[in-house]
Amino acid sequence: MIALVDCNNFYVSCERVFDPRLEGRSVGVLSNNDGCVVARSNELKALGVEMGAAMHLLPSEIRRQVILLSSNYALYGDMSQRVTRTLGEFSPHVEVYSIDESFVGFQGFDPATLEARGDRLRHTVRQWTGIPVSVGFAPTRVLAKVANRAAKKIPAYEGVCKLEADCPATRALLRQLPVTELWGVARRTGERLALMNINSAWELREADPKRIRKAFSVVMERIVWELRGHTAIELDDMTAPKKQIMVSRSFGRMTSNPDDLREAIRQHAARAGEKLRRQGSVTSAVMVFVNTNRFQLDQPQYRNSVVVPLIRPTDDSRDIVQAATHGLQAIFLEGYRYQKVGVMLLDLSADANRQLSLADTPLSEVDRQRSQRLMATVDKLNRELGRDTVRLGLPRQGNAWALRCERRTPRYTTRWEELVRVRG
């Protein structure tokens with residue numbers, strides 16, 4: 001059996017750990033630049049506030065009842081690691097799926113003891129980290145997702161649900177579950193399944209696997225087998241390397257200063273390179289784009305993009321930053337107030353399959369190996385000592401592109417100067 005452990009309302013729960021006054025209150029966490037609601041407490045959901053709702057469009061009567069906080073990703077990332085370490089006390093097989101979800105293997109454990117183990121896991125995680133979690137046990141990952149959903153939404157399960165491959169509880173849940181609620185089934189795929197008269201998870205389970213594979217993909221066929229209780233999906237199947245990588249963000253305030261744009265492009269390009277190396281890929285071209293604020297109709301409008309090809313495929317942040325900077329120089333125009341810039345890495349391929357060009361020499365290969373060692377060292381330092389411990393260039397104070405996070409709480413666990421102070 002495998003368990004999916006999911007942190008409940010994770011961002012909000014992290015905030016409540018360090019500020020108990022938020023318990024029972026309607027709390028929301030906002031996206032970058034305090035734009036939209038990206039996490040909601042159950043109390044906020046009950047008020048009808050939708051995921052992605054723009055903060056400035058919330059009715060005044062709602063605004064008076066709720067507490068909205070800026071995202072505090074340094075805190076959330078550290079709390080996620082603490083939860084993961086706690087899960088390691090219950091099984092050596094822990095697969096992190098996202099910042100708030102992990103699959104935990106319980107192979108070899110007596111099935112009759114799993115619900116008790118899940119209950120103890122919930123209480124231990126809550127006691128050690130302060131984060132509430134739900135636990136779903138099942139023989140496959142897809143069914144574990146279904147079990148976790150039931151554990152979270154159906155009070156009778158009290159946070160722990162165990163599903164067998166073929167039992168009345170499993171059949172009842174799958175018949176009630178829309179197919180688009182399944183892990184790995186997107187909205188458009190659901191629309192195509194509906195044309196085949198497949199609307200529920202149960203109907204997908206009963207479908208002909210070969211027909212599903214022919215109409216969709218091998219991953220969809222594997223979902224059918226997983227719903228029947230046969231292990232067919234590894235975590236890598238659902239986290240395939242991206243074909244493109246984009247990093248962009250709206251500015252904290254609009255700017256016409258080219259230095260602001262250059263600094264933002266440099267940071268975005270370096271972050272894109274980090275993501276590229278994490279998935280073991282190289283890029284052959286870099287696209288840069290700039291936008292003004294299209295909603296301010298009284299301002300001159302401009303948007304443009306350019307693709308800069310690279311001499312050879314690379315994952316070196318220095319090459320990517322240099323190409324992105326050249327791209328920005330090509331499309332930047334004076335006289336406009338810019339709201340957003342971004343970088344997209346194109347034509348990605350596996351680093352292991354990187355081919356040397358005819359112009360490459362043995363010296364080029366030496367340079368490539370030196371580059372790989374340097375980037376690996378930079379990534380390790382940033383991973384172990386904190387993001388941006390090593391970076392390409394230092395940003396100026398008060399730059400326009402820095403995040404607007406006027407409602408951010410202290411980074412309690414990752415900044416010495418922001419530790420909780422207790423007075424006796």
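In this predicted model, β7 and β8 run parallel and are joined by 3 bridges. F137 stands opposite K162 of β8. Both strands belong to an open sheet of 5 strands. A further open sheet has 3 strands. Helices pack on these sheets and on one another, and a pocket of about 1200 Å³ ranks second largest.

**The five-stranded sheet**

- The strand order is β5-β6-β1-β7-β8, and the pairing is mixed.
- β5 (94-98) and β8 (160-162) are the edge strands; each has a single partner, so one side of each has no neighbour in the sheet.
- Neighbouring strands here are turned by 20° against each other on average, direction ignored.
- α5 lies across β1, β7 and β8. Its direction runs at about 160° to β7.
- α6 lies across β1, β5, β6 (101-105), β7 and β8. The angle of α6 to β7 is about 140°.

**The three-stranded sheet**

- This open sheet has the order β3-β2-β4, again with mixed pairing.
- β3 and β4 (66-70) stand at the edges with a single partner strand each, so one side of each is left without a neighbour in the sheet.
- On average, neighbouring strands of this sheet are turned by 30° against each other, direction ignored.
- α1 packs on the sheet and touches β2, β3 and β4. The direction of α1 makes about 110° with that of β2.
- β2 (residues 26-30) pairs with β4 in the parallel sense, over 5 bridges.
- V27 has I67 of β4 as its bridge partner.

**Helix α1 against helix α4**

- α1 and α4 (residues 73-87) pack at an angle of about 90°. Their axes are 10 Å apart.
- α1 is therefore roughly perpendicular to α4.
- From α1, the contact uses F10, Y11, C14, E15, V17 and F18. From α4, the contact uses Y73, L75, Y76, M79 and S80.
- By class, the residues of this contact divide into 9 nonpolar, 1 polar and 1 charged.

**Helix α6 against helix α7**

- α6 (residues 141-153) meets α7 (residues 168-176) at an angle of about 85°, with the axes 11 Å apart.
- The two helices are therefore roughly perpendicular to each other.
- L143, V146 and A150 make the contact on the α6 side. T170, L173 and L174 make the contact on the α7 side.
- The contact of α6 with α7 counts 5 nonpolar residues, 1 polar residue and no charged residues.

**The second largest pocket**

- The volume of the second largest pocket is about 1200 Å³.
- Its lining has 42 residues. D6, C7, N9, K45 and K152 lie nearest the centre.
- Which helix or strand gives the most to this lining? α6 does, with 7 residues.
- At least two lining residues each come from β1 (2-7), α1 (10-18), β3 (37-40), α2 (42-46), α5 (114-129), β7 (133-138) and α6.
- By class, the lining has 18 nonpolar, 8 polar and 16 charged residues.

**Elements that recur**

- α6 lies across strands of the five-stranded sheet, packs with α7 and lines the second largest pocket.
- α1 packs on the three-stranded sheet, contacts α4 and supplies at least two residues to the pocket lining.
- β7 is joined to β8 by 3 bridges, and β7 also contributes at least two residues to the pocket lining.

Definitions and conventions
Residues are numbered from 1 along each chain as its sequence is written. This is a predicted model: local features need pLDDT of at least 70, side-chain atom pairs count only at pLDDT 80 or more; totals for chains, interfaces and linings use all residues. Side-chain values use heavy atoms; hydrogens and water are left out. Axes are lines fitted to C-alpha atoms, for helices over the stretch in contact, and angles run from 0 to 180 degrees between N-to-C directions. Helices (H or I, at least four residues) and strands (E, at least two) are DSSP runs, numbered from the N terminus. Angles under 35 degrees count as roughly parallel, over 145 as roughly antiparallel, 65 to 115 as roughly perpendicular and the rest as oblique. Contact means heavy atoms within 4.5 Å. Ala, Val, Leu, Ile, Met, Phe, Trp, Tyr, Cys and Pro count as nonpolar, Asp, Glu, Lys and Arg as charged, and the others, Gly among them, as polar. On a 1 Å grid over the protein atoms alone, a cavity is a set of points where a 1.4 Å probe fits but cannot get out, and a pocket is an open set with protein on both sides within 12 Å along at least five of seven lines; lining residues have an atom within 4 Å of a point. Grid points are joined across faces, edges and corners, and a volume is the space filled by probe spheres set on the points. Two strands pair if DSSP finds at least two bridges between them.
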